[in-house]
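Q: Please take a close look at one part of this model and set out in plain terms what is found there. Start with the covalent cross-link, then go on to what lies around it and to the contact between the chains.

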Amino acid sequence: MKSFLLSTALAALIAAPAYAGKAFISNERGNTITVVNTDTWEVETEFFAGNRPRGITTSPDGSVIYVCASDDNLVRVFDANTYEELPSLPSGPDPELFILEPSGKRLYIANEDDNLVTVTDTETRTVLAEVPVGVEPEGMGMSPDAKFVVNTSETTNMAHFISTEDYKIKHNILVDQRPRYAHYTADGSRLFVTSEIGGTVTVMDIAEDGAPTVVGKISFEVAGVQPEWLQPVGARVTSDGTRLFVALGPANRVAVIDAQSLEVLDYILVGQRVWQLDFTPDEQFLLTTNGNSNDITVIDVAKEKAIKSIQVGQQPWGVVTIE
Amino acid sequence: MHCLHRSLLAALTVVFSAGTAWAIDVKAAVLRVDYPTLLPISRYDLPPDDLGFAGAALADEDNGTTGGFLGHTYETKTVAVPPEEADAAMAQILADGIRLVVVQSRPEDLLRLTDQAAEAGALVFNARAADNDLRDGSCRGNLLHTALSHGMKADAVAQFAVWKKWTEWFLIAGSNPEDVALAEAYRKAARKFGAEIVEDRSFEDTGGSRRTDSGHVLVQRQLPAFTQDADDHDVVIAADATDYFARYLSYHLWTPRPVMGSGGLVPTSFHGAHEAYGATQYQTRFEALTGRYAKPEDYNVWLALRVVGEAVTRANTADPDGVRDYAISDAFELAAFKGQKVTFRNWNGQLRQPVLLYDGVITVSVSPQEGFLHQSSPLDTMGLDRPESSCTAFD
């Protein structure tokens, strides 16, 4: 992961003219992507992104944006500079979240309605495999060595560890109710799985061979907020593995967690129904999508403080940033 | 519960598989008692042939997908019978070795069938009957309720009314025993949440006013006359469990007021248009499987069998005692497309759950409402709370 970030940064330094960093936000209800300049924090533009855009990611070089157009049953592809739409990718029905392997070749897509993970080749635009998983697959994480993709199934309540070699499930780990998101540390030694209704984050240590062992569970408590509303969804961990940030949905807060001791250090108040997170590539800022207040919050990562909120489209869902 | 310990004969087939894990083949049944009834006021309320059974089919699929990773299989038998054949049907289910039975019936039949099941050590889930007494004095240790009680429904409506500051109520109750029981739940809810029933009337069921070629003409004349001269009120609360007049109220009142309860804004466990909290996924799965929209009974049955699934998945047990003990333990929780986990009240076996307020088209609101607090769970502001319940079967 680190080398990928570095190479992206280098590529940007060498090849690119001095254009500013950008954040792309998928607006689930507005059917658009909002583009935000991450230097000025101004909205640059908003463009049509297909019907019910949710999961959003970028190619390793930052030149292409992929978005799950859930109601179109495909992954739409856009040029990150011109916003021109490129040929779509087959995704299987109702794609919600996906993850692109570091090489940029294979995209692993959760098909919420069909209990499948679809593997799509981004170059040939063909489906390579369909992997049956639990009921309502959603969260998608990938080990930094790209050997495992982890899918969480919201009604089965498992994290399924799928080998990227043969597309077979090698491990199934039961977690708490309605697991939403899976995220590895940059060194691949830990995996965090958030459970929205269970209100917890399950922490797993990952062995050399990729085998998971549950080592802890993080729960949350905020004075004056009903425990029912502390619903962990999106998560990001700093590349040095020290801090874990977890979006808490209708609690309107992002939890700051010591990723080693698993102690919750703070709660940062953000917009309403905070959903997904992404760092800017330099990790200076963390962006949150706030679905019910139609904005994103910018968090200063070092200070662990919210510094700004920016109005975007209707019901922002996912966010991805590029240099 | 004593009887549950007695026999666990062929409640489930436990097979030792080649590997290290125990495979479990879970067998359950849904017993639906079909009563002779008049047509509903609205065609939309006609019961489909697979009412409740469709929820079982979806639950078997959902549980089976999860079970596929764990070596568990799920099979649910569905039986629909007229009331006079209910006992024989339960006997057959028990004779088939099934010890997990979801029942859709009226209260008196439910209690008799539950006691019959108890003699064989079986666990029963109530997916239909709303009577408070089933959760109170008549509770049974082998009976869990996924269906909402009258008390939960009435409290859900009362909270919304009070949140709206519609605290002066005109209560219109039906005259059948079920309607009278429901009306009592609304009177209690009014006292509980500080509303006042300024006018309390009973609308006699004379066998008329159902849909006919000219039914609406009569209704249009009858109801305004019936509702005139009421004390000033903010809202009309309808207690019509037998569905003969409440659906007509909204546009036929003497004084125009919103209607809640059995007509207008209706409390329900679920409906086919509910989309929040990821429920869209439930709806699309259900519709793809059954070709129709989900009804509350389908959801209640699905919930019951998902409770069984959770016990099997997490506690590795499908025996009736094991499922019951796990379900009412602190370890149990279930995501049910209502925004928060649902759990059981360990004093009377009722599943505590949010209540949807449905206008026939959309989810208008979800109770409990903001500001109604409780020392342990806001969900316990609806229905029989621990200190109110006289149930001792779970002690």
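A: What follows covers the disulfide, the end of the chain segment that holds one of its cysteines, and then the interface.

The model is predicted. A search over all chains of the structure finds one disulfide. Its partners are B:Cys139 and B:Cys391, with 2.0 Å between the sulfur atoms, which is inside the 2.5 Å cut-off for a disulfide. The torsion about the S-S bond is about 90 degrees, so this disulfide is right-handed. The bond links distant parts of the chain, the two cysteines being 252 residues apart. B:Cys139 sits in the loop between strand 5 (123-126) and strand 6 (143-145) of chain B, while B:Cys391 belongs to the segment after strand 15 (363-367).

Both ends of the link are covered. B:Cys139 has a relative accessible area of 8% and is therefore buried, because buried means under 20%. B:Cys391, at 6%, is buried as well. In chain A, A:Cys68 is buried with a relative accessible area of 0%.

The segment after strand 15 of chain B also holds B:Pro368. A cis peptide bond joins B:Ser367 to B:Pro368, with omega about 10 degrees. Strand 15 itself contains B:Val364, which is partly exposed at 39% relative accessible area. B:Val364 makes a nonpolar surface patch of about 250 Å² together with B:Val361 and B:Ile362.

Next comes the interface. The size of an interface is often given as the accessible area lost when the parts come together. Between chain B and chain A the buried area is about 2100 Å², and carbon and sulfur atoms give 51% of that. On the chain B side, B:Phe69, B:Gln281 and B:Arg314 lose the most area to chain A, together 29% of what that side buries. The contact involves 25 residues of chain B and 28 residues of chain A. One salt bridge is found across this interface. B:Arg285 forms a salt bridge with A:Glu136, and their closest N and O atoms are 2.4 Å apart.

Two residues of chain A deserve a note on backbone angles. A:Ala146, in the loop between strand 12 (137-142) and strand 13 (148-153), has a phi near 65 degrees, a positive value in a residue other than glycine. A:Ala146 is buried at 17% relative accessible area. For A:Leu262 phi is likewise near 65 degrees; A:Leu262 lies in the loop between strand 22 (253-258) and strand 23 (264-269) and, with 18% relative accessibility, counts as buried.

Conventions:
Residues are numbered from 1 along each chain as its sequence is written. Chains are lettered from A and ligands numbered from 1 in the order in which they are written. This is a predicted model: local features need pLDDT of at least 70, side-chain atom pairs count only at pLDDT 80 or more; totals for chains, interfaces and linings use all residues. Side-chain values use heavy atoms; hydrogens and water are left out. Helices (H or I, at least four residues) and strands (E, at least two) are DSSP runs, numbered from the N terminus. Buried means under 20% relative accessible area, exposed over 50%, partly exposed in between (1.4 Å probe, protein chains only). Patches are made of residues with over 30% relative accessible area and no salt bridge: like charges are joined within 9 Å, nonpolar side chains (Val, Leu, Ile, Met, Phe, Trp, Tyr) within 5 Å. Accessible areas come from the Shrake-Rupley method with a 1.4 Å probe; for residues, only the protein chains shown count as cover. A salt bridge is a side-chain nitrogen of Lys or Arg within 4 Å of a carboxyl oxygen of Asp or Glu. Contact means heavy atoms within 4.5 Å. Buried area is the accessible area (1.4 Å probe) that two parts lose on being put together, summed over both.
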